[in-house]
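User: I would like to go through this structure and ask, for each label, what justifies it. Please set the values against the cut-offs as you answer.

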Amino acid sequence: MEANTRSTGRLPAAFLTPGSSSFMDFLSDHSPEILPGNRSLPPLQGAIEAPHGTTIVAASFPGGVVLAGDRRATMGNMIAQRDIEKVFPADEYSAVGIAGTAGLAVEMVKLFQLELEHFEKVEGATLSLEGKANRLSTMIRSNLAMAMQGLAVVPLFAGYDVDREKGRIFSYDVTGGRSEEHGYASTGSGSVFARGSMKKLYRNDLTEEQTLTLVVQALYDAADDDSATGGPDVARRIYPIVTVITDEGFRKLDDTESSEIARAILERRLEQPDGPRAALL
């Protein structure tokens with residue numbers, strides 16, 4: 001294929017007339033070896049040590065949804081990276097937070113971004129949020145062979161549904177099974193603790209500002225009990241990645257905004273180390 005392109009200086013006709021609106025289908029037909037799930041791995045000797053992303057949280061509010069993640073990647077019992085980015089825009093109105101094998105997860109996000117862009121260019125319209133969630137499910141399922149060898153990717157997908165005019169959250173398992181979550185969700189090693197935190201603090205009438213605080217509180221609680229989740233690192237100026245998606249599109253909080261939320265929480269934790277209390281009744 002490459003030799004033919006070099007000799008003629010032109011792309012093959014099939015590249016100019018795609019028969020499917022799916023970029024993954026296109027790759028499957030013309031370069032299947034590029035797809036992550038089609039790569040062969042060498043024989044394994046014991047457990048694979050690869051950097052893993054950990055905790056991702058999401059919460060919806062009237063008018064949108066917030067998706068956030070801590071910054072730590074681990075490799076076994078070691079910290080592999082302190083400032084990894086785990087939350088990425090998928091398109092203008094959606095985002096993906098990654099947990100699992102970091103390298104494969106980032107690659108899957110890039111492929112997902114291309115998938116959505118390819119569909120829009122071929123069809124002249126954007127996929128519905130439900131359609132985007134289904135496409136991501138297919139991509140996760142294609143990675144099942146890798147997952148069975150310890151290289152799992154389990155993302156959290158969130159976005160603003162322009163048809164329903166509200167934020168929505170989707171979670172996945174390693175087989176590509178998709179579930180819509182209502183109100184809040186979490187994934188990754190600290191997800192149990194983050195979900196417990198949000199379960200007691202979440203309300204469906206929270207403002208955007210309150211929801212931003214809620215997800216950072218949840219990440220703090222996850223880091224408090226899960227060694228693989230990193231809390232706000234004031235000394236290194238490393239704070240959670242926090243994004244918000246509304247009818248105005250995707251927005252990532254800058255360092256100043258995220259640090260203000262994290263520092264305010266840290267100040268309160270000096271008085272209440274276990275965080276805010278929910279009412280008994």
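Analyst: A definition comes first: helices, of at least four residues, and strands, of at least two, are DSSP runs numbered from the N terminus. The model is a predicted one. In those terms, α5 (129-142) and β9 (156-161) each supply at least two residues of the lining of the second largest pocket.

User: How much space lies in the second largest pocket, and which residues are the closest to its centre?

Analyst: The second largest pocket holds about 190 Å³ of space, and 13 residues line it, with D91, Y93, T126, L127 and K132 closest to the centre. By residue class, its lining divides into five nonpolar, two polar and six charged residues.

User: How do you know which elements contribute to the largest pocket, and what makes up its lining?

Analyst: The largest pocket contains about 530 Å³ of space and is lined by 24 residues, with Q210, T213, L214, Q217 and P276 lying nearest its centre. The elements that give two or more residues to this lining are α7 (191-201), α8 (208-225) and α9 (255-271). The lining residues divide into 10 nonpolar, five polar and nine charged.

User: Why is the pair F112 and F157 called edge-to-face?

Analyst: A search of the whole structure finds three aromatic pairs. For F112 and F157 the ring centres are 5.8 Å apart, which is within the 6.5 Å needed for a pair, and the planes stand at 80°, which is over 60 degrees, so the pair is edge-to-face. The two residues belong to distant parts of the chain, F112 to helix α4 (residues 102-123) and F157 to strand β9, with their positions 45 residues apart in sequence.

User: What makes F112 and F157 count as buried or exposed?

Analyst: The cut-off for buried is under 20% relative accessible area. F112 has a relative accessibility of 0% and therefore counts as buried, and F157, with a relative accessible area of 0%, is buried as well. Both rings also belong to one aromatic cluster, which F112, F157 and F170 form.

User: Why is the pair Y184 and Y202 called tilted?

Analyst: The planes of Y184 and Y202 are at 55°, a value neither under 30 degrees, as stacking requires, nor over 60, as edge-to-face requires, so the pair is tilted, with ring centres 5.4 Å apart. Y184 lies in strand β12 (residues 184-187) and Y202 in the loop between α7 and α8, so the contact ties together parts that are 18 residues apart in sequence. Both Y184 and Y202 are buried.

User: How do you know that K252 forms a salt bridge with E85?

Analyst: The closest N and O atoms of K252 and E85 are 3.3 Å apart, and the limit for a salt bridge is 4 Å, so the contact qualifies. It is one of 14 salt bridges in the structure. K252 lies in strand β14 (residues 249-252) and E85 in the loop between β5 (78-81) and β6 (87-91), so the bridge joins parts that are 167 residues apart in sequence. K252, at 38% relative accessibility, and E85, at 34%, fall between the 20% and 50% limits and therefore count as partly exposed.

User: What makes E130 and R168 receive their accessibility labels, and how do the two residues meet?

Analyst: The side chains of E130 and R168 meet in a salt bridge of 2.7 Å, N to O. At 26% relative accessible area, E130 lies between 20% and 50% and is therefore partly exposed, whereas R168, at 2%, is under 20% and therefore counts as buried. E130 sits in helix α5 and R168 in strand β10 (residues 166-172), 38 residues apart. The two residues also take part in a network of salt bridges that links E130, D161, R168, R178 and E180.

User: Why are β5 and β8 said to stand at the edges of their sheet?

Analyst: The sheet is open, with four strands in the order β5-β4-β1-β8 and antiparallel pairing. β5 and β8 (100-101) each have a single partner strand, so one side of each is left without a neighbour in the sheet. For β5, strand β4 (residues 73-75) pairs with it in the antiparallel sense over three bridges, and pairing needs at least two. A73 has Q81, in β5, as its bridge partner.

Definitions and conventions:
Residues are numbered from 1 along each chain as its sequence is written. This is a predicted model: local features need pLDDT of at least 70, side-chain atom pairs count only at pLDDT 80 or more; totals for chains, interfaces and linings use all residues. Side-chain values use heavy atoms; hydrogens and water are left out. On a 1 Å grid over the protein atoms alone, a cavity is a set of points where a 1.4 Å probe fits but cannot get out, and a pocket is an open set with protein on both sides within 12 Å along at least five of seven lines; lining residues have an atom within 4 Å of a point. Grid points are joined across faces, edges and corners, and a volume is the space filled by probe spheres set on the points. Ala, Val, Leu, Ile, Met, Phe, Trp, Tyr, Cys and Pro count as nonpolar, Asp, Glu, Lys and Arg as charged, and the others, Gly among them, as polar. Rings of Phe, Tyr and Trp (its six-membered ring) pair if their centres lie within 6.5 Å; planes under 30 degrees apart count as stacked, over 60 as edge-to-face and the rest as tilted. Buried means under 20% relative accessible area, exposed over 50%, partly exposed in between (1.4 Å probe, protein chains only).
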